[in-house]
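Thanks for sharing this one. Here are a few points to go through with the structure open beside you.

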Amino acid sequence: QVQLVESGGGLVQPGGSLRLSCGASGTIFRINSMGWYRQAPGKQRELVAAITSGGSTNYTDSVKGRFTISRDYAKNTVYLQMNSLKPEDTAVYYCNSIIATDWVVPARTYWGQGTQVTVSS
């Protein structure tokens, strides 16, 4: 069993910063990638940022230059540093990870429970 537990959401004013954290725990053989998605009311869930096991990153265009994803491999934890936040960044942010629990079973996708980020004055 694998669990992803997020923290760090909250209410922030426009231009402010927040840092999200997500730790993976349980039976983990290998983590292929970790990332963050978000879903605003009435919209589809979208990829925000992701980081591979090799450290390669990708970001959706709207957050480039403002958000930074990083990973602590020893702690199986991924972070999302969000700067210069805008009202349009308001959403529930979900941690996502592709994890293999042993060397036989193919890796599968796991999701966290979500954390609310609200950008408002």
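1. A good place to begin is Y93, bearing in mind that this is a predicted model. Beyond its neighbours within four places in sequence, Y93 is in contact with E6, L20, W36, Y37, R38, V48, F67, L80, M82, G114, T115 and V117.

2. That list leads into the core. The largest nonpolar core has 28 residues, and Y93 is among those with the most contacts inside it, along with W36, V48, F67, V78, L80 and M82. Two or more residues of this core come from each of β1 (2-7), β3 (18-26), β4 (30-39), β5 (46-52), β7 (67-72), β8, β9 and β11 (115-119). As background, nonpolar side chains tend to be buried together in soluble globular proteins.

3. Do have a look at D89, in the loop between β8 (77-82) and β9 (91-100). Is D89 buried or exposed? Its relative accessibility is 1%, so D89 counts as buried. The D89 side chain makes a polar contact, at 3.0 Å, with the side chain of R38. Setting aside residues within four places in sequence, the contacts of D89 are R38, R66, F67, S84, V117 and V119. R38, F67 and V117 are thus found in the contact lists of both D89 and Y93.

4. Finally, T77 belongs to strand β8. T77 has a relative accessible area of 11% and is therefore buried, the cut-off being under 20%. A polar atom of the T77 side chain lies 2.9 Å from the backbone oxygen of K75. Not counting residues up to four places away in sequence, T77 touches C22, G23, M34, S70, R71 and D72.

Key. Residues are numbered from 1 along each chain as its sequence is written. This is a predicted model: local features need pLDDT of at least 70, side-chain atom pairs count only at pLDDT 80 or more; totals for chains, interfaces and linings use all residues. Side-chain values use heavy atoms; hydrogens and water are left out. Helices (H or I, at least four residues) and strands (E, at least two) are DSSP runs, numbered from the N terminus. Buried means under 20% relative accessible area, exposed over 50%, partly exposed in between (1.4 Å probe, protein chains only). A polar contact is a pair of N or O atoms within 3.5 Å; within protein, one must be able to donate a hydrogen and the other to accept it, and residues adjacent in sequence count only if both atoms are side-chain atoms. Contact means heavy atoms within 4.5 Å. A nonpolar core is a set of buried Ala, Val, Leu, Ile, Met, Phe, Trp, Tyr and Cys residues joined through side-chain atoms within 4.5 Å.
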